[in-house]
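Hi there,

Here is the structure I promised to pass on to you. Have a look at it first, and then read on for what turned up in it.

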Amino acid sequence: MALLSAAAARRRQSPPLCRLLVTCKPRRCSGLVLGVFEKEGEEGGLHLTEAAAGFDQTLLGKLSELLKISGPTLKKGKSRIFYGIHKDFPCVAVVGLGKNDAGVCGAENWDTSKENIRQAMSAGCRLLQDLEVTHVEVDGCGDAQSAAEGAALGLFHYDQLKSKKKTKVTTQLHGSADSASWEKGVTYAEGQNLARLLMEAPANHITPTAFANTIEEKLAPHAERVTIKKRSQAWIEEQQMGAFLSVSKGSEELPVFLELHYNGSPDSSQAPLLLVGKGITFDSGGISLKPSPSMDAMRADMGGAATVCASIVTVAALKLPVNIIGLAPLCENMPSGKATKPGDVVTAKNGKTIQVDNTDAEGRLVLADALCYGHTFNPRAIVNVATLTGAMDVALGSAATGVFTNSDWLWEKLHKASVVTGDRVWRMPLFQHYTRQVTDSQLADLNNIGKYSRYVSRHARSGGACTAAAFLREFVTAPHWAHLDIAGVMSNKDEIPYLRKGMSGRPTRTLVEFAAGLAHNG
Ligand code: BES
Ligand code: ZN
Ligand code: ZN
């Protein structure tokens, strides 16, 4: 069988016009993505998935024959496309899944089989999208959730503001087995894609008000279990959130304190999980202005709020039996005549005074007040998520989210969830060593930057992620609290193969899986 171009294949498959009028289905350009494992102990051997084997059978072994003669055996992530081999699927992409029995890898802290499936199905779907295939059936590969995640994450592309759009591709599970697992995977991926959409969108489109309205719209179908409060500047002032206001006041754009209540537990009095997300819709640095190169990336400085809110939308879609409160202090960090100046002292909601020596360390200020307020709900656990420090990126890069926590129980839960999702976490220290550096302040109770970061250049900020975490800890009295610094995982170049280049929406799926763990196992 010659490898035809997609268009040629479609022409060749076309029935005569008279028949076309009767038989042409609405989904004219269908594709199929199938997986193949590497055969254990057999150099160059292939092992078809159940779906691929079934397909091969309907073609009387043509697929396996084509795989044999069309080049070297398909290694993990490598692919091949066959055109015109099946009347229903003009394009069939076959992708390597690696070893069949990979499973959880202790060294990598993830499930390699799941990661391989995500990677392969994403690669296959993208190949077909490039060929302008509009509908793709996807091999469940024995784990339809991972296959769906790979497909839906891989196909996401932010082109809302371009005139020329990429082909919109609809997907469905090939065959009918495991459709519940497929749907779950689609929902998880759509959650992460919502966070990506919010993070990627320019700051003049996603202002604090626009962010809150978008989340309100997304939660509208779940109104039965969800209440939303978009708190105004007047409310923020009444609450005496002086740290939050010290950041927002430099901007013309009004701040919003977004509060979401998801009541999914049959026991309405069950203590909620509290999620808090940093929502700086643009971080210029304020008077401590950031350098211009890459400043545009700071449109994603609301990644904490985006992942927290997107995970609540997802939990609501899944109707998980758990209570969650989400808080997002939303504002811009801008320089102006009204902006906070280095050396200013502000008072947080709990009465603690803070010397703001660097206005670019604004995330910890908005979170401080949100954490104080969050404690009033007596949560069973608090998880805050923030693109907090460049130092976090220096420490771990994009391999994992840094987790600073006072609770081994919470750490175990987060870690377990991340092994399943492949969106990893790594534990970081909360030593007194770092606390001393932020409690040493000339004018106030706290300083918003560590003692050894104050008079040094941008590049000499030892332990910057850890001093930021130590600062937040000063606003926490709860026994189960975790701070997730997501600055390193905020964007993707090509390191996560199933995400395109751009803002990542990480670790939305891990937050959802963590909430699901709490819902089902307490
Ligand atoms: N939003 C930034 C952190 C950041 C940097 C996130 C790069 C994602 C990518 C944060 O507000 C910030 O500017 N932090 C300062 C803290 C410093 C002044 C102590 C930083 O990391 O440089
Ligand atoms: Zn900043
Ligand atoms: Zn910031």
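Let me start at ligand 1, where one of its oxygen atoms sits 2.9 Å from an N or O atom in the side chain of Asp 283. Please keep in mind throughout that this is a predicted model. Two lysines make similar approaches: an N or O atom in the side chain of Lys 290 is 2.7 Å from an oxygen atom of ligand 1, and for Lys 278 the corresponding distance is 3.2 Å. Altogether 17 residues surround ligand 1, and those that come nearest are Lys 290, Asp 360, Glu 362, Gly 390 and Arg 461.

**The two zinc ions**

Asp 283 has a second role, as it bridges the zinc ion (ligand 2) and the zinc ion (ligand 3), which are 3.2 Å apart.

For the zinc ion (ligand 2), the protein donors are Asp 283 (OD), Asp 360 (O), Asp 360 (OD) and Glu 362 (OE), at 2.0 to 2.2 Å. Asp 360 thus appears with both O and OD in that list. Along the chain, these donors follow the spacing D-x76-D-x1-E. Asp 360 and Glu 362 are both buried. The site has 6 donor atoms with angles of 72 to 169 degrees among them, and its geometry is irregular.

The zinc ion (ligand 3) is held by Lys 278 (NZ), Asp 283 (OD), Asp 301 (OD) and Glu 362 (OE), with distances of 2.0 to 2.4 Å. What is the arrangement of the donor atoms here? It is octahedral, because the 6 donor atoms around the zinc ion (ligand 3) subtend angles of 77 to 173 degrees. The sequence spacing of its donor residues reads K-x4-D-x17-D-x60-E. Asp 301 belongs to the loop between strand E12 (279–283) and helix H11 (303–318), while Glu 362 belongs to the loop between strand E15 (353–356) and helix H12 (363–374), so this pair ties together parts that are 61 residues apart in sequence. Asp 301 is buried, and Glu 362 is too.

**Two buried residues in strands**

Gly 277 is part of strand E11 (residues 273–277). With a relative accessible area of 0%, Gly 277 counts as buried. Leaving out residues up to four places away in sequence, Gly 277 touches Gly 304, Ala 305, Val 308, Leu 327, Ala 328, Pro 329, Leu 367 and Val 385. The C-alpha atom of Gly 277 is also 5.7 Å from that of Asn 384, although the two residues are 107 residues apart along the chain.

Arg 231, in strand E9 (residues 226–231), may interest you as well. Is Arg 231 buried or exposed? Its relative accessible area is 18%, so Arg 231 is buried. Its side chain makes a polar contact of 3.3 Å with the side chain of Tyr 373. Tyr 373 is also among the residues that Arg 231 touches beyond four places away in sequence, together with Ile 236, Pro 255, Val 256, Phe 257 and Glu 259.

**A hairpin**

Strands E14 and E15 pair in the antiparallel sense, over 4 bridges. In this pairing, Thr 347 stands opposite Thr 353 of E15. The hairpin has 5 residues between the strands, and Gly 351 takes a positive phi near 90 degrees in it. E14 (residues 344–347) has two faces: Asp 344 and Val 346 make up the covered one, Val 345 and Thr 347 the uncovered one.

**Backbone details to check**

A few backbone values are easy to overlook when you set up the model.

- The peptide bond from Arg 506 to Pro 507 is cis, with omega near 0 degrees. Pro 507 lies in the loop between strand E22 (502–503) and helix H17 (508–521).
- Leu 60 is not a glycine, yet its phi is positive, at about 55 degrees. Leu 60 sits in the loop between helix H3 (50–58) and helix H4 (62–69), and its relative accessibility of 80% means that Leu 60 counts as exposed.
- Lys 319 is another residue other than glycine with a positive phi, near 55 degrees. Lys 319 is placed in the loop between H11 and strand E13 (323–333).

Happy exploring, and best wishes!

Notes:
Residues are numbered from 1 along each chain as its sequence is written. Chains are lettered from A and ligands numbered from 1 in the order in which they are written. This is a predicted model: local features need pLDDT of at least 70, side-chain atom pairs count only at pLDDT 80 or more; totals for chains, interfaces and linings use all residues. Side-chain values use heavy atoms; hydrogens and water are left out. Donors are N, O and S atoms within 2.8 Å of the metal (3.2 Å for Na, K and Ca); water is not among the atoms, so sites may look incomplete. Four donors count as tetrahedral if all angles lie between 85 and 135 degrees; four count as square planar and six as octahedral if opposite donors are over 155 degrees apart and all others between 65 and 115; anything else is irregular. Buried means under 20% relative accessible area, exposed over 50%, partly exposed in between (1.4 Å probe, protein chains only). Two strands pair if DSSP finds at least two bridges between them. A polar contact is a pair of N or O atoms within 3.5 Å; within protein, one must be able to donate a hydrogen and the other to accept it, and residues adjacent in sequence count only if both atoms are side-chain atoms. Contact means heavy atoms within 4.5 Å. A residue is near a molecule or strand if one of its heavy atoms lies within 4 Å of it.
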